[in-house]
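Work through these exercises with the sequence and the 3D view side by side. Try each task before you read its solution.

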Amino acid sequence: MTIFKEKLDEEYVTIAEAKTVLNEVEAERADDEERDLQYELARAVEHVNRHASLEADEAQELVDQLQELETVNAKTAHLIADLLPEDRTELRAIYAKERFTLDGDELDEILDIVAQYA
């Protein structure tokens, strides 16, 4: 027997947005007495509750502002919104795998946007 897996869609979400979705799922499952909260779901809910620094709408606003910059793609914008880097070193770590480096002004521009939400 062969099972084919195909990626139908891909969408980046911030931890804050995932928190909203997972909390809704958790609430639905809590209302249904016959369904247990699976271990994986419980761990995911615990993770997002611990690590979400912003509300979902704030995180999306930050992502949108970051994506207006030429040097920030969707994946990186979501990562920055999740991590909220405080200095150039933390921001450089996010860009470590990219094929380009940002100069000081570009780093500062991103950090200035992040500072509005931190």
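Contact means heavy atoms within 4.5 Å. Helices (H or I, at least four residues) and strands (E, at least two) are DSSP runs, numbered from the N terminus. This is a predicted model, where local features need pLDDT of at least 70, side-chain atom pairs count only at pLDDT 80 or more, and totals for chains, interfaces and linings use all residues. Residues are numbered from 1 along each chain as its sequence is written, and side-chain values use heavy atoms, with hydrogens and water left out.

**Exercise 1. Find the buried residues of H1 and state what covers them.**

Step 1. Look at the helix itself. H1 has 17 residues and reaches 24 Å from its first C-alpha to its last. That is close to the 24 Å expected at 1.5 Å a residue. The expected span is 1.5 Å times one less than the number of residues.

Step 2. Apply the burial cut-offs. Buried means under 20% relative accessible area, exposed over 50%, and partly exposed in between (1.4 Å probe, protein chains only). The buried residues of H1 are Ile-15, Ala-16, Glu-17 and Leu-22.

Step 3. Look for the cover. It includes H2, H3 and H4.

**Exercise 2. Describe the largest nonpolar core.**

Step 1. Start with the term. A nonpolar core is a set of buried Ala, Val, Leu, Ile, Met, Phe, Trp, Tyr and Cys residues joined through side-chain atoms within 4.5 Å. In soluble globular proteins, nonpolar side chains tend to be buried together.

Step 2. Pick out the best-connected members. The largest core holds 28 residues, and Leu-62, Leu-66, Val-72, Ile-80, Leu-91, Tyr-95 and Ile-110 touch the most other members.

Step 3. Assign elements. Two or more core residues come from each of helix H1 (15-31), helix H2 (39-51), helix H3 (56-67), helix H4 (74-83), helix H5 (88-94) and helix H6 (104-115). H6 gives the most, with 5 residues.

Step 4. Zoom in on Leu-66. Leaving aside neighbours within four places in sequence, Leu-66 is in contact with Val-72, Ala-77, Ile-80, Ile-110 and Ile-113.

**Exercise 3. Is Thr-71 buried or exposed, and which residues does Thr-71 contact?**

Step 1. Locate Thr-71. It lies in the loop between H3 and H4.

Step 2. Check the accessibility. Thr-71 counts as buried because its relative accessibility is 19%.

Step 3. List the contacts. Beyond neighbours within four places in sequence, Thr-71 touches Tyr-95, Phe-100, Leu-102, Glu-106 and Ile-110.

Step 4. Try a distance. Thr-71 and Tyr-39 are 32 residues apart in sequence, and 39 Å separates them in space, C-alpha to C-alpha.

**Exercise 4. Set the largest pocket beside the largest cavity.**

Step 1. Learn the terms. On a 1 Å grid over the protein atoms alone, a cavity is a set of points where a 1.4 Å probe fits but cannot get out, and a pocket is an open set with protein on both sides within 12 Å along at least five of seven lines; lining residues have an atom within 4 Å of a point. Grid points are joined across faces, edges and corners, and a volume is the space filled by probe spheres set on the points.

Step 2. Take the pocket. About 150 Å³ of space lies in the largest one. Asn-73, Lys-75, Thr-76, Leu-79, Ala-93, Ile-94, Lys-97 and Glu-98 line it. H4 gives the most to this lining, with 3 residues.

Step 3. Take the cavity. The whole structure has 1 cavity of 30 Å³ or more. The largest cavity has about 40 Å³ of space. Its lining includes Thr-14, His-51, Ser-53 and Asp-82. H1 and H4 each supply at least two lining residues.

**Exercise 5. What is the sign of phi at Leu-84, and where is Leu-84 found?**

Step 1. Recall the general pattern. Most residues other than glycine have a negative phi.

Step 2. Read the angle. Phi of Leu-84 is near 45 degrees, a positive value in a residue other than glycine.

Step 3. Place the residue. Leu-84 sits in the loop between H4 and H5. With a relative accessible area of 11%, Leu-84 is buried.
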